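Grab your viewer and work through the exercises below, one at a time. Each has a task and then a solution in small steps.

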Amino acid sequence: MIDLSWSLAALCGFAFLAGFVDSVVGGGGLVQMPALFVMLPHVPPVTILGTNKFVSTWGTAAAAMQYARRVRIEWRATIPTFVAALLFGFLGARIAALVPSEAFRPMVLVLLIAVLAYTLWKKNLGALHAPRLNPSQTLWAGLATGTVIGFYDGFFGPGTGSFLIFAFVGLFGFSFLAASASSKLINVTTNGAALAFFITHGHVRYDIATPMIAFNVAGGLVGSRLAIRHGSGFVRVIFIVVVSALIARFAWDICTRH
């Protein structure tokens, strides 16, 4: 057994911060995953992944319920996106075993820089909730968004929440707040699908995950309530911070691997 006396206390703190960030714009894995790897160096990586997914799924679910009660969900766009993301997330996970995910890093870095530049350039992007697509366009755009981002999530993963929010804002015309609400509902289900594998194959450390869940859920509730209270402007700021952090992480990964 691992001595969790101080490590678990630190992990609970990181779980709260991860739940907060993830509930607003996604990207909680930027905080929680590295912390698990650092604090639990002797735990197998696949078990780290399963434990992280087990913890974060609960926090995401709590945030999703909070949004669903307080923010109007655009189901016409959310449902087809969710269905396609679920199916192609599974396909992406299967293909990940055949293609090295490292090939994705430079492309994802370029995409994240483009997302950040566009968000900073369009000062009013996501400030107002003004869906711009008719029902037929919404259906096909949802299926396309779910297909591309769902496949990416299954194949590689980092930044999925941020890409989802950007798609809902830039393509569908959602406000940042409405986009965050819809993305949480999709994340809950795609996370659950991956979690089913980790649980059935024994890749979750429940002794570590169980106390972390309470803090992750608390962070998710605090973050979603602040997002609802302060609106799209608050979500936009956190979105810019998280995307910037993702860019820094990918740039660092690429530089240190060459």
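**Exercise 1. Decide whether asparagine 191 is buried or exposed, then find its surroundings.**

Step 1. Asparagine 191 has a relative accessible area of 10%, so it goes in the buried bin, whose cut-off is under 20%. Keep in mind that this is a predicted model.

Step 2. Now place it: asparagine 191 belongs to helix 8.

Step 3. Look for contacts, skipping residues up to four places away in sequence: asparagine 191 touches Lys53, Thr57 and Thr60.

Step 4. Add a backbone check. The C-alpha atoms of asparagine 191 and serine 56 are 8.4 Å apart, although 135 residues separate the two in sequence.

**Exercise 2. Do the same for serine 183: which element holds it, and what does it touch?**

Step 1. Serine 183 lies in helix 8.

Step 2. Its relative accessibility is 0%, so serine 183 counts as buried.

Step 3. Leaving out residues up to four places away in sequence, serine 183 touches Leu164, Ile165 and Phe168.

Step 4. Check those three partners: Leu164, Ile165 and Phe168 are among the buried residues of helix 7. That helix is mostly covered, with 10 of its 11 residues buried. The buried set also includes Thr160, Gly161 and Ser162.

**Exercise 3. Describe the geometry of two aromatic pairs and say what each one ties together.**

Step 1. Get the overall count: a search of the whole structure gives 8 aromatic pairs.

Step 2. Take phenylalanine 54 and tyrosine 206. Their ring centres sit 5.3 Å apart with 90° between the planes, which is an edge-to-face pair.

Step 3. Map the pair onto the fold. Phenylalanine 54 lies in helix 3 and tyrosine 206 in helix 9, so the pair ties together parts 152 residues apart in sequence.

Step 4. Compare exposure. Phenylalanine 54, at 11% relative accessibility, counts as buried, whereas tyrosine 206, at 39%, counts as partly exposed.

Step 5. Move to phenylalanine 176 and phenylalanine 239. The centres are 5.3 Å apart and the planes make 50°, so this pair is classed as tilted rather than edge-to-face, which needs over 60 degrees.

Step 6. Phenylalanine 176 is in helix 8 and phenylalanine 239 in helix 9, so the pair ties together parts 63 residues apart in sequence. Both rings belong to buried residues: phenylalanine 176 has a relative accessible area of 0%, and phenylalanine 239 comes in at 1%.

Step 7. Finish with the cluster: ring pairs link Phe54, Trp58 and Tyr206.

**Exercise 4. Work out which element gives the most to the largest nonpolar core.**

Step 1. Size it up: the largest nonpolar core has 49 residues. Those with the most contacts inside it are Val25, Tyr67, Leu112, Phe168 and Phe239.

Step 2. List the contributors. At least two residues each come from helix 1 (7–25), helix 3 (45–70), helix 4 (75–96), helix 5, helix 6, helix 7, helix 8 (176–200) and helix 9.

Step 3. Pick the winner: helix 9 gives the most, with 13 residues.

Step 4. Zoom in on leucine 112. Not counting residues up to four places away in sequence, leucine 112 touches Phe163, Val243, Leu246, Ile247 and Phe250.

Step 5. Don't merge everything into one core: a second, separate one has 22 residues, including Leu8, Ile48, Phe198 and Ile208.

**Exercise 5. Characterise the second largest pocket: how much space lies in it, and which elements line it?**

Step 1. The second largest pocket holds about 340 Å³ of space.

Step 2. It has 15 lining residues, and Leu111, Val148, Ile149, Tyr152 and Phe163 are the closest to its centre.

Step 3. Helix 5 (105–121), helix 6 (135–155) and helix 7 (160–170) each give two or more residues to the lining. The largest share, 6 residues, comes from helix 6.

Step 4. Sort the lining by class: 14 residues are nonpolar, 1 is polar and none is charged.

**Exercise 6. Classify glycine 233 and locate it in the fold.**

Step 1. Glycine 233 is in helix 9, which covers residues 206–256.

Step 2. At 45% relative accessibility, glycine 233 is partly exposed, because exposed would need over 50%.

Step 3. Measuring C-alpha to C-alpha, glycine 233 and leucine 125 are 9.8 Å apart in space, with their positions 108 residues apart in sequence.

How values were computed. Residues are numbered from 1 along each chain as its sequence is written. This is a predicted model: local features need pLDDT of at least 70, side-chain atom pairs count only at pLDDT 80 or more; totals for chains, interfaces and linings use all residues. Side-chain values use heavy atoms; hydrogens and water are left out. On a 1 Å grid over the protein atoms alone, a cavity is a set of points where a 1.4 Å probe fits but cannot get out, and a pocket is an open set with protein on both sides within 12 Å along at least five of seven lines; lining residues have an atom within 4 Å of a point. Grid points are joined across faces, edges and corners, and a volume is the space filled by probe spheres set on the points. Helices (H or I, at least four residues) and strands (E, at least two) are DSSP runs, numbered from the N terminus. Ala, Val, Leu, Ile, Met, Phe, Trp, Tyr, Cys and Pro count as nonpolar, Asp, Glu, Lys and Arg as charged, and the others, Gly among them, as polar. Buried means under 20% relative accessible area, exposed over 50%, partly exposed in between (1.4 Å probe, protein chains only). A nonpolar core is a set of buried Ala, Val, Leu, Ile, Met, Phe, Trp, Tyr and Cys residues joined through side-chain atoms within 4.5 Å. Contact means heavy atoms within 4.5 Å. Rings of Phe, Tyr and Trp (its six-membered ring) pair if their centres lie within 6.5 Å; planes under 30 degrees apart count as stacked, over 60 as edge-to-face and the rest as tilted.
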